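Okay, can everyone see the screen? I'll put the structure up and talk you through a few spots in it.

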Amino acid sequence: MTRGVAILGSTGSIGTTALRVLERQRARFRVVALTAHSNAALLAEQAARFGPGYVGLVGCDGAAPPARDGWATGTPCLVEAATRPDADVVLNAVVGAAGLDATLAALRAGKRVALANKETLVVAGELAHAAAREGGGELVPVDSEHSAILQCIAGRPGQEVRRLVLTASGGPFRTWPRERLERATVADALQHPTWSMGRKITVDSATLANKALEVIEAHFLFGVPYERIEVVVHPQSVVHSFVEFVDGSVLAQMGVPSMELPVLYALTHPERVVDTGVPPFDPVELGPLTFERVRGDDFPALALGMAAGRAGGSAPAVFNAANEEAVALFLDGRIGLLDVPRAIEHALGALAGAPGGTRETLLAADAEARRAVRARFAR
Ligand code: NAD
Ligand code: MG
C-alpha cells in the first residue's frame, strides 16, 4: 500500500525538491494533490507527470488565474488539498503565514504534516499543537536544522535534553562590515553561499531572521525553553544542528547541504529507506568544518525574534508579519537591507501587548503589523 502525499506549494524550491524525492519513492508514496500560487505552466507539467486527483491554483490578488480544466482555484485550495481523505501526509511548502490554515486543518484531520512552512509554527505554535491533539495529526519538520534535532533526539525523553544548538550558515553577509551592510543590494542578498532556496527565505537567511524563525520553530516542535536554545554560525552548512544531553554528550547530524534528505525523512520518519539521490558524504571533501559566534549587533533580527518568542502571545506573529512585509519591500527595491530589522523593531514596539490566543487575534496582529510596517517604511 502506498501512502498518499499532498504537496502545498509544489512549484517552489521545496515543492520541486519533494517531487524529485517522490519520483524515486513511487513504491512507497503517491502524489494525491498539488497546489501552487501562480506558476500554472509548471503545475500542469507536474500534474501530467504525477497524475494527482486534485490540482489547485491559488492565484493572486483577484486577478483571474490561468487555471486548466478540472483544477480548483482560490485560497480554499490549500485547505481542500490538506484535508483530502486520500492524503496521509501533507507537505506544507507554502511560504509565509499564508500556509497557516492548511497546517491547522491537516492536523485537525489527523494527517502527518511534513512542515517546511515554519511561519505556521511561529505565528501559531500553540494552536498547531491544539489542532494536533484534537485531530490526532502529527508535525514532522522539513527544515534541515529541525530534522537534524529530531534525528539526534531519536525518541529520548525531553528531560534528557539540556540544550539545542542550531547552526546558521551566516548567509552572504557573514563577513561584511556593518557599514557595507547598509548598501547591500537585492542581488547581494540573493547570493546564498550554501543553499539554493526561494527568494523570501534567502533574504531571511541574509538578515538572520530565518534563524529567529527557526529558534521559535524549535521551541514549539521540541518543547525546549528559549534559554536552552542557541545559535552558532557554521559557514559550510554540513553540521545541520547539535543536541546536548544532560550527561554532557553532544550529538550532531551531518550531510551535504541538500534538502532532499530532510524532505525524505519527514515522509518516512522514524524509518529510514534507501534513496539513491542523496549525495555521498565525504568528510575530507566537505571540511574543514568551522564554527563562529553570531555577530548579534550587526544582525539584530535574530535577537528581535528570540525576544518576540520569549514574550509570547502575538509577538511571534507580529515579528513574522513585519518581516514578511519588510522583505517584500526590500525585494521590490523600496527599502534597504537594514530597514528589515528596523521595520520588525518598529512593529514589535507599536504592537507590544497585542493579544494572542485565537486564530482571529493572531491574524489581526499579523494584519496590524503589516500595516505598521507599510505606513512607516513603504515609500
Ligand atoms: P518558494 O518561494 O520557492 O516556493 C513557495 C511555494 O509556495 C510556491 O509553490 C508558491 O506557488 C507557493 N505560494 C507562495 N505564496 C503562496 C500563497 N500566498 N498561497 C498559496 N501558495 C503560495 O519557497 P521555498 O524556498 O520552497 O520555501 C517554502 C517554505 O519552506 C518556506 O516557509 C521556507 O521558509 C521553508 N524552507 C525552505 C527551505 C529551502 O531550502 N527552500 C529550507 C527550509 C525551509
Ligand atoms: Mg533551516
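So, the handedness: helix H10 and helix H14 cross in a left-handed way. Keep in mind that this is a predicted model. H10 covers residues 209–222 and H14 covers residues 315–331. A pair of packed helices gets described by the angle between the axes and the distance between those axes. For this pair the angle is about 155°, and the axes sit 11 Å apart. An angle over 145 degrees counts as roughly antiparallel, so that is how H10 and H14 run relative to each other.

Who's touching whom? On the H10 side you've got Ala209, Ala212, Leu213 and Ile216, and they meet Pro316, Phe319, Asn320 and Asn323 of H14. By class, that contact comes out as six nonpolar residues, two polar and no charged.

H14 has another partner, and that's H13, residues 301–311. Here the packing angle is about 150°, with 7 Å between the axes. That again makes H13 roughly antiparallel to H14. From H13 the contact takes in Ala301, Leu304, Gly305, Ala308, Gly309 and Ala311, and from H14 it takes in Ala315, Pro316 and Phe319. Sorted by class, we get seven nonpolar, two polar and no charged residues in the contact of H13 with H14. If Pro316 and Phe319 ring a bell, they also turned up in the H10 contact.

Next, helix H9, residues 199–207. How many of the nine residues of H9 are buried? Seven are, so this helix is largely enclosed by the rest of the structure. Reading along, the buried ones are Lys200, Thr202, Val203, Asp204, Ser205, Ala206 and Thr207. And what do they pack against? Quite a list: helices H5, H8, H10, H13, H14 and H15. So our two packed pairs come back here, as H10, H13 and H14 are all in that list.

Right after H9 comes Leu208, in the loop that leads from H9 to H10. Its phi is positive, near 75°, and it isn't a glycine. For background, most residues other than glycine have a negative phi, and most peptide bonds are trans. Leu208 is also buried, at 5% relative accessible area.

Compare that with Ala154, in the loop between helix H6 and strand E8. Phi is positive there as well, near 45°. Is Ala154 buried or exposed? Exposed: its relative accessibility is 57%, and the cut-off for exposed is over 50%.

On the peptide bonds, there are a couple of cis ones to point at. One joins His269 to Pro270, with omega about 5°, and Pro270 is in the loop between H11 and H12. Another runs from Gly287 to Pro288, omega near -5°. That proline, Pro288, is in the loop between H12 and H13.

While we're at H11, residues 260–268, that helix is mostly covered, with eight of its nine residues buried. Those are Glu260, Pro262, Val263, Leu264, Tyr265, Ala266, Leu267 and Thr268.

Glu260 has a visitor from the other end of the sequence numbering: Arg24, in helix H1, is in contact with Glu260, and with Asp275, Thr276, Gly277 and Val278 too, leaving aside its neighbours within four places in sequence. Arg24 itself is partly exposed, at 30% relative accessible area.

Okay, the metal. Which protein residues act as donors to the magnesium ion, ligand 2? Asp143 through OD, and Glu145 and Glu214 through OE, at 2.1 to 2.3 Å from the ion. In sequence the spacing goes D-x1-E-x68-E. Asp143 and Glu145 are both buried.

Last stop is another glutamate, Glu244, in strand E10. At 12% relative accessibility Glu244 is buried, as the cut-off for that is under 20%. Beyond residues up to four places away in sequence, Glu244 touches Glu160, Val161, Arg162, Arg163, Ser249 and Val250.

That's my tour, so let's go to questions.

How values were computed
Residues are numbered from 1 along each chain as its sequence is written. Chains are lettered from A and ligands numbered from 1 in the order in which they are written. This is a predicted model: local features need pLDDT of at least 70, side-chain atom pairs count only at pLDDT 80 or more; totals for chains, interfaces and linings use all residues. Side-chain values use heavy atoms; hydrogens and water are left out. Axes are lines fitted to C-alpha atoms, for helices over the stretch in contact, and angles run from 0 to 180 degrees between N-to-C directions. Helices (H or I, at least four residues) and strands (E, at least two) are DSSP runs, numbered from the N terminus. Angles under 35 degrees count as roughly parallel, over 145 as roughly antiparallel, 65 to 115 as roughly perpendicular and the rest as oblique. A crossing is left-handed if the near helix is turned anticlockwise from the far one by less than a right angle, and right-handed if clockwise. Contact means heavy atoms within 4.5 Å. Ala, Val, Leu, Ile, Met, Phe, Trp, Tyr, Cys and Pro count as nonpolar, Asp, Glu, Lys and Arg as charged, and the others, Gly among them, as polar. Donors are N, O and S atoms within 2.8 Å of the metal (3.2 Å for Na, K and Ca); water is not among the atoms, so sites may look incomplete. Buried means under 20% relative accessible area, exposed over 50%, partly exposed in between (1.4 Å probe, protein chains only).
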